[in-house]
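Thanks for making the time this morning. I would like to walk you through one structure, slowly, and I will begin with its cysteines before moving on to charges and packing.

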Amino acid sequence: MKFYKAKDYNDMSRKAANIISAQVIMKPDCVLGLATGSTPIGTYKQLVEWYNKGDLDFSKVTTVNLDEYKGLPKDNEQSYYYFMNENLFSKVNIDKSRTFLPDGTEADSDKACKKYNEIIHSVGGVDLQLLGLGHNGHIGFNEPGIAFEKETHCVTLSERTIKANMRFFLSENDVPRQAYTMGIKTIMSAHKILVLISGEDKADIVREAFFGPITPQVTASILQLHNDVSVVADEAALSKCTDLI
C-alpha cells in the first residue's frame with residue numbers, strides 16, 4: 001500500500017488524476033472502475049481539463065461504476081448516472097455505450113445484481129478501481145457487517161451513510177434507503193486500486209482501516225490484502241497516521 005500525501009483537496013485531486021491519466025495513456029482500452037460523491041469531483045475536473053488540452057483520449061475506455069441508488073432513474077439529478085454524466089462522461093470523448101452502472105430502476109434486486117455481474121465479467125474485469133472512504137469505513141456501498149459480500153448485491157444503507165448523503169437531497173426522507181453496489185470480491189479483483197480521502201473528519205477511519213485489524217466491521221480494511229493500492233489523501237486526512245507512514 002502506497003501513501004501519497006497531498007497538501008489539500010486540489011493537490012489530492014491533481015495527484016489522483018495523474019494516476020488515472022497514466023493508466024489511460026499506458027492502456028488506451030483500459031477498464032476504469034469509477035466512484036461518485038464529493039471526493040472525486042476535483043479529480044474528474046482535472047481529467048476533463050487535460051482532455052480539453054489534448055493530453056487524454058477516452059475513446060477506447062470502458063467504465064464500470066461502483067454503485068447506484070435503487071429506485072432512482074438515470075435522469076434523476078441525484079442518481080449516480082446523472083452525476084457521472086455531469087462530471088465526466090458528457091465532457092470527454094468517451095463512448096457512452098461503454099459506460100456502465102447498476103440499473104437503479106430494476107426493482108428485482110437479484111436480476112439487477114446478476115446483470116451487473118455479467119457486465120463486469122464481460123468487459124474482462126477492472127484495470128484501475130477508484131474508491132472513496134466512508135466515515136464508517138465503507139467502500140462502494142459495502143457497509144460494515146459480519147462478512148465481506150462477494151459480488152454485486154443490494155444493500156440497506158446505514159443511518160450514518162444516509163445522514164452523510166443527506167446534503168445532496170432536499171431532506172433525509174428523500175435519501176434512498178437501498179443501493180446496488182459492487183461486492184468486495186469484485187473490487188479486490190481490480191489490478192490496481194486508487195483510494196481518495198480528504199478532510200480531518202476522515203482521519204480516525206483512515207488509521208483504523210489501513211493500520212488496524214482486517215475485519216468486515218471496517219470494510220476498507222480488506223484493502224490491506226491487495227498488492228497494488230495507492231492511497232492519495234490530504235494532510236488533514238492523514239493527520240493521525242504520521243507515526244505510521
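Let me start with Cys-113, which counts as buried, at 8% relative accessibility. Please keep in mind throughout that what you are looking at is a predicted model. Cys-241 is buried as well, with a relative accessibility of 0%.

How far is the sulfur of Cys-113 from the closest cysteine sulfur? That closest sulfur belongs to Cys-154, and the separation is 6.2 Å, which is too far for a bond, because a disulfide requires the two sulfur atoms to lie within 2.5 Å. For the model, the count of disulfides comes to zero.

Now to the charged side chains. Side chains of opposite charge can pair when their charged atoms come close. By the rule used here, the number of salt bridges comes to seven, and I will take you through some of them.

In helix 1, Asp-11 makes a salt bridge with Lys-15, and the closest N and O atoms are 2.9 Å apart. These residues both sit in helix 1, with a spacing of four residues, or about one turn of the helix. Are the partners buried or exposed? Asp-11 is buried, at 12% relative accessible area, while Lys-15 counts as partly exposed, at 29%.

A further salt bridge joins Lys-163 to Glu-172, where the closest N and O atoms are 3.4 Å apart. Here Lys-163 is partly exposed, with a relative accessible area of 48%, and Glu-172 also counts as partly exposed, at 23%.

Then there is Arg-207, whose side chain meets that of Asp-243 in a salt bridge, at 2.9 Å from N to O. This pair links distant parts of the chain, since Arg-207 belongs to helix 7 and Asp-243 to the segment after strand 10 (229–234), 36 residues apart. Arg-207 is partly exposed, with a relative accessible area of 32%, whereas Asp-243 is exposed, at 56%. Returning to the N-terminal example, salt bridges that share partners join Asp-11, Arg-14 and Lys-15 into one network.

Staying with helix 7 for a moment, that helix covers residues 203–211 and includes Phe-211. Phe-211 is partly exposed, with a relative accessible area of 31%, and together with Leu-244 and Ile-245 it makes a nonpolar surface patch of about 250 Å².

Finally, I would like to turn to helix 2, residues 41–52, where a simple check of geometry is possible. What span should its twelve residues have? At 1.5 Å a residue the expected value is 16 Å, and the end C-alpha atoms are 17 Å apart, which agrees.

Which residues of helix 2 are buried? They are Gly-42, Thr-43, Tyr-44, Gln-46, Leu-47, Val-48 and Trp-50, so you can see polar names in that list beside the nonpolar ones. As for their surroundings, these buried residues pack against helix 1 (9–26), strand 2 (31–34), helix 3 (80–87), strand 6 (128–131) and strand 9 (192–197). After helix 2 comes Gly-54, whose phi is positive, near 90°.

To close, if you take two things back to the bench, let them be that the count of disulfides is zero, and that the salt bridge between Arg-207 and Asp-243 links distant parts of the chain. I am happy to go back to any of these places on the screen.

Terms used:
Residues numbered from 1 in each chain as written. Predicted model: local features only at pLDDT ≥ 70, side-chain atom pairs only at ≥ 80, totals over all residues. Heavy atoms only, no water. Helix = DSSP H or I, 4+ residues; strand = E, 2+ residues; numbered from the N terminus. Expected span 1.5 Å × (residues − 1). Buried < 20%, exposed > 50% of the residue type's maximum accessible area, 1.4 Å probe, protein only. Contact = heavy atoms within 4.5 Å. Patch = residues over 30% accessible without salt bridge, like charges linked within 9 Å, V, L, I, M, F, W, Y side chains within 5 Å. Areas by Shrake-Rupley, 256 points an atom, 1.4 Å probe, with all protein chains shown as cover. Salt bridge = Lys/Arg side-chain N within 4 Å of Asp/Glu carboxyl O.
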